[in-house]
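Me: Could you take a close look at one part of this model for me, and then tell me what else turns up around the rest of it? Keep it relaxed, but be specific about residues.

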Amino acid sequence: ALALNAGDTAAAVAALERATRLAPNDSAKLKTYVQALIRQAREAGGSANDSIYAKAAEAGRNLAARDGSYDNLLLLGEVQLGAKQYEAAVATFGQASAKNASDWLPGFYAGQAQTAVQKYTEAEASLKRALEKASRSEDKARIYRQLGFVYEKQKNLAAAKGAYQSAGDGSAVDEAAA
């Protein structure tokens with residue numbers, strides 16, 4: 001954890017991997033390990049992050065099996081999304097939503113996963129549910145941007161422009177109009 005906080009992600013991942021092998025029932029260490037893997041994947045970028053996210057998804061499944069809390073399910077869904085395990089991510093976000101029905105994040109992330117597998121009708125429904133639950137303008141803007149993208153894929157350009165306008169994304173409005 002110290003290495004992670006100091007920005008030495010590679011050392012943190014190696015140390016946390018050993019720590020989770022030595023203390024396999026320590027959920028806190030396992031959660032920190034998953035978070036370190038996420039950071040490592042984001043830093044690696046491109047196709048190099050695929051195997052890192054797959055490793056994180058395995059660790060995340062172990063964590064959620066031990067402690068199926070909302071936070072752990074959300075973390076598992078995030079790494080499944082990164083690992084391109086989209087159908088599993090949608091199911092996990094559904095479980096997370098059942099634990100905290102008032103939060104917008106599970107619906108938003110489920111909408112992203114559904115978009116990735118071209119299930120635009122389902123993505124639209126998930127994003128609209130997320131929009132109903134979001135209270136902060138920044139969160140609503142994120143949802144509207146994703147919704148605009150979904151509408152574009154559905155060839156509903158008027159709705160896409162409206163969503164992008166609601167997001168405050170003028171350049172996306174212009175692109176949707178072109």
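**Aspartate 169 and beyond**

Reply: Let's begin with one side chain: that of aspartate 169 makes a polar contact with the side chain of serine 171, at 3.1 Å. Bear in mind that this is a predicted model. As for where that aspartate sits, aspartate 169 belongs to the loop that links helix H10 (157-167) to helix H11 (170-177). If you leave out residues up to four places away in sequence, aspartate 169 touches Arg145 and Tyr164.

Now for the pocket. The largest pocket comes out at a volume of about 200 Å³. Its lining is made up of Glu17, Thr20, Arg21, Pro24, Leu30, Tyr33, Lys55, Glu58, Ala59, Asn62 and Arg66. Three helices give two or more residues each to that lining: helix H2 (9-22), helix H3 (27-44) and helix H4 (48-66). H4 gives the most, with 5 residues. If you're thinking about the chemistry of the lining, sort it by class and you get 5 charged, 4 nonpolar and 2 polar residues. Glu17 and Arg66 are among the residues on that lining, and so are Leu30 and Tyr33.

Last, the aromatics. Searching the whole structure turns up 3 aromatic pairs. There is also one aromatic cluster to look at, formed by Phe93, Trp104, Phe108 and Tyr109.

Technical notes
Residues are numbered from 1 along each chain as its sequence is written. This is a predicted model: local features need pLDDT of at least 70, side-chain atom pairs count only at pLDDT 80 or more; totals for chains, interfaces and linings use all residues. Side-chain values use heavy atoms; hydrogens and water are left out. Rings of Phe, Tyr and Trp (its six-membered ring) pair if their centres lie within 6.5 Å; planes under 30 degrees apart count as stacked, over 60 as edge-to-face and the rest as tilted. Helices (H or I, at least four residues) and strands (E, at least two) are DSSP runs, numbered from the N terminus. A polar contact is a pair of N or O atoms within 3.5 Å; within protein, one must be able to donate a hydrogen and the other to accept it, and residues adjacent in sequence count only if both atoms are side-chain atoms. Contact means heavy atoms within 4.5 Å. On a 1 Å grid over the protein atoms alone, a cavity is a set of points where a 1.4 Å probe fits but cannot get out, and a pocket is an open set with protein on both sides within 12 Å along at least five of seven lines; lining residues have an atom within 4 Å of a point. Grid points are joined across faces, edges and corners, and a volume is the space filled by probe spheres set on the points. Ala, Val, Leu, Ile, Met, Phe, Trp, Tyr, Cys and Pro count as nonpolar, Asp, Glu, Lys and Arg as charged, and the others, Gly among them, as polar.
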